[in-house]
Amino acid sequence: MRLMDLTYFSGDYAAYRTHAYNRPAMAYYYLQDALGDSLFKVGLNAYIKIWNGRHPTPYDFFNSFMYGTGQKLDWFFKPWFYDRSYADLAIRKITMDNKIVIENIGGLPLPVVISCEYEDGTLEIYTENTAIWSSGEQAMVFQVNGRKKIRKVILGTDRIPDINESNNVLHPVYE
């Protein structure tokens with residue numbers, strides 16, 4: 001699919017609006033999350049400096065950010081703007097030694113927030129920014145407190161989109 005292939009939406013304005021306005025805005029937000037505020041600002045300043053008063057294409061935006069930050073960002077731009085990737089992170093499993101496997105089913109780079117509730121009533125929150133998916137892996141393993149027994153694990157927050165939230169809560173089974 002080309003960047004702006006309108007025939008893909010078959011006259012569905014709601015789908016067009018989501019892909020033309022909401023998705024790029026979210027991508028911009030998660031790019032800042034992946035790079036951090038200072039590096040994102042460097043990339044944005046490079047883009048503004050290079051293209052001020054001219055007519056850039058989306059490719060120019062992507063290349064300016066990569067040039068300005070000195071980072072290869074294809075891992076981010078490709079799924080957000082060229083693939084049919086979608087927002088779906090899932091808890092795949094919890095091991096006996098408190099390792100939590102998170103799978104990126106939809107392929108869209110998003111931050112990971114894990115809320116881990118333990119049997120003793122305590123709660124710990126583990127976070128990783130969007131750059132965790134920069135290696136191209138489709139699953140990540142998180143080691144949480146191994147001295148406590150997990151009651152429940154919740155993946156995500158209301159600021160992270162997810163198309164299937166049914167796989168975002170897991171109660172481990174200890175034998």
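Tutor: Helices (H or I, at least four residues) and strands (E, at least two) are DSSP runs, numbered from the N terminus. This is a predicted model: local features need pLDDT of at least 70, side-chain atom pairs count only at pLDDT 80 or more, and totals for chains, interfaces and linings use all residues. Residues are numbered from 1 along each chain as its sequence is written, and side-chain values use heavy atoms, without hydrogens and water.

Student: Which residue has its C-alpha 7.8 Å from that of Pro-24?

Tutor: Start with Pro-24, which lies in helix 1 (residues 13–35). Its relative accessible area is 26%, so Pro-24 is partly exposed (buried is under 20%, exposed over 50%, partly exposed in between; 1.4 Å probe, protein chains only). The partner sits 56 residues apart along the chain. It is Trp-80.

Student: Around the axis of helix 2, what arc do the buried residues cover?

Tutor: The buried residues of helix 2 are Phe-40, Gly-43, Ala-46, Tyr-47 and Trp-51. They lie on the same side of helix 2, because their arc (from the directions of the helix axis to the C-beta atoms) is only 120 degrees.

Student: Which exposed residues does the face of helix 2 turned away from its buried side carry?

Tutor: Helix 2 covers residues 37–51, 15 in number. It reaches 21 Å from first C-alpha to last, close to the 21 Å expected at 1.5 Å a residue (1.5 Å times one less than the number of residues). On that opposite face sit Asp-37, Ser-38, Lys-41 and Lys-49.

Student: What residue with positive phi follows helix 2?

Tutor: Helix 2 ends at residue 51. The phi in question is near 80 degrees. The residue is Gly-53.

Student: Which strands are at the edges of the open sheet?

Tutor: Three strands form the sheet, antiparallel, in the order 1-2-5 (pairing takes at least two DSSP bridges). Each edge strand pairs on one side only. They are strand 1 (89–94) and strand 5.

Student: What is the bridge partner of Ile-94?

Tutor: Strand 1 and strand 2 (residues 99–104) pair in the antiparallel sense over five bridges. The partner of Ile-94 belongs to strand 2. It is Ile-100.

Student: Is Asn-145 buried or exposed?

Tutor: Asn-145 is in the loop between strand 5 (139–143) and strand 6 (150–155). Beyond neighbours within four places in sequence, it contacts (heavy atoms within 4.5 Å) Asn-98, Tyr-118, Glu-124 and Tyr-126. Its relative accessibility is 13%, so Asn-145 counts as buried.
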